[in-house]
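Ready to practise reading a structure? Work through the exercises below with the model open beside you, and try each one before you peek at the solution.

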Amino acid sequence: MVLELREHARCTVEKKAREEAGNVLMRMKERFSTVLSRDKESMPRTWTANEDIRAITREARLAALRFMSVMAALRLDDKQDKIDRALMISLLDGGPLSQNRSMEFTSDPLASSTWQEVSPKDTLITPVQCKSIWRQFKAETEYPVAQAISMQEAHRRSSNWLPPAWTILLLAILGFNELMFLLRNPVYILGLFLAFVLSYVVWLQYDITAYFRHGTVSGLLTISSSLLPTIMEIVTAIVNMSHNKKHSSHMSRQAGPHHAQSFSNQTCKHAQVHYHASPDSASSSSSVD
């Protein structure tokens, strides 16, 4: 009678355990969501800047992984196994447990269809299935983590009442009136931006940092001796361009009347030739008559 009752109880527990093993992914996500969204006092978690989302996410995944290790096999005989250890070493990324994998397991413990020290009839979830379930679990729990990160960023921005750093710098250098003048005249802002770009290009081209390695005075003297000839060359080039432009315009003005005069001279010569040729033709016609 006692044996029959024990066997019936074992069959009932095994049946119920296999039903729950089929829903292990849903249970893992529930466990993960509970640990992620609530603190140790079961209060809703507020994602302030002091919350370490990485550590909390790892803790929630560890809780879900331990739940899967419980559901992986039947343990009615109180026998010790290494399912929990194998799952933590193989599936937790970047933790101290994964670094000790080669010390305890010679190969991948999840590359088999059976667990060590567990009979096949007591296996509810095989190691290969555990790896597949964990991969799907991580993919489906990325959204709550991303949402927590965005909420923390929004809370940090809302709690930061100070203006941006560039406005503080402009206020310290220019003052409030000058800042409002720049904001009302965007052309000056564009000019400042172009000046910044030009100075940055000059800084990179002349390697300004290398000049100051031997001292500030020597660096300033070297920069002045290098920049002044360049500025003089630019000014000379601008003057030559303006001079060439004026000279070309003057030549074009002179070329216009000269061309008209040459054209009129050619016309007069052509008329004189025609005039001298006409009497000869008339005399020849009279002789013929």
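## Exercise 1: the aromatic rings

The structure holds two aromatic pairs. This is a predicted model, where local features need pLDDT of at least 70, side-chain atom pairs count only at pLDDT 80 or more, and totals for chains, interfaces and linings use all residues. Residues are numbered from 1 along each chain as its sequence is written, and side-chain values use heavy atoms, with hydrogens and water left out.

**Task.** Classify the pair Phe32 and Phe137, and work out which parts of the chain it ties together.

**Solution.**

Step 1. Start with the rule: rings of Phe, Tyr and Trp (its six-membered ring) pair if their centres lie within 6.5 Å, and planes under 30 degrees apart count as stacked, over 60 as edge-to-face and the rest as tilted.

Step 2. For Phe32 and Phe137 the centres are 5.5 Å apart and the planes make 90 degrees, so the pair is edge-to-face.

Step 3. Now place the rings: Phe32 sits in helix α2 (residues 24-37) and Phe137 in helix α7 (residues 127-140), so the pair ties together parts that are 105 residues apart in sequence. Helices here are DSSP runs (H or I, at least four residues), numbered from the N terminus.

## Exercise 2: a second pair

**Task.** Are Phe32 and Phe137 buried or exposed, and how is the pair Trp134 and Phe137 classed?

**Solution.**

Step 1. Buried means under 20% relative accessible area, exposed over 50%, partly exposed in between (1.4 Å probe, protein chains only).

Step 2. Phe32 has 2%, so it's buried, and Phe137 is buried too, with 0%.

Step 3. Trp134 and Phe137 form a tilted pair, 5.1 Å centre to centre with 35 degrees between the planes. They are three residues apart in α7, so about one helical turn separates them.

Step 4. Put the pairs together: Phe32, Trp134 and Phe137 are linked into a cluster.

## Exercise 3: helix against helix

**Task.** How does α2 pack against α7, and which residues make the contact?

**Solution.**

Step 1. The angle is about 45 degrees, and the axes are 10 Å apart. Axes are lines fitted to C-alpha atoms, for helices over the stretch in contact, and angles run from 0 to 180 degrees between N-to-C directions.

Step 2. That makes α2 oblique to α7, because angles under 35 degrees count as roughly parallel, over 145 as roughly antiparallel, 65 to 115 as roughly perpendicular and the rest as oblique.

Step 3. With contact meaning heavy atoms within 4.5 Å, α2 brings Val24, Leu25, Met28, Lys29 and Phe32, while α7 brings Ile133, Trp134, Gln136, Phe137 and Glu140.

Notes
Helices (H or I, at least four residues) and strands (E, at least two) are DSSP runs, numbered from the N terminus.
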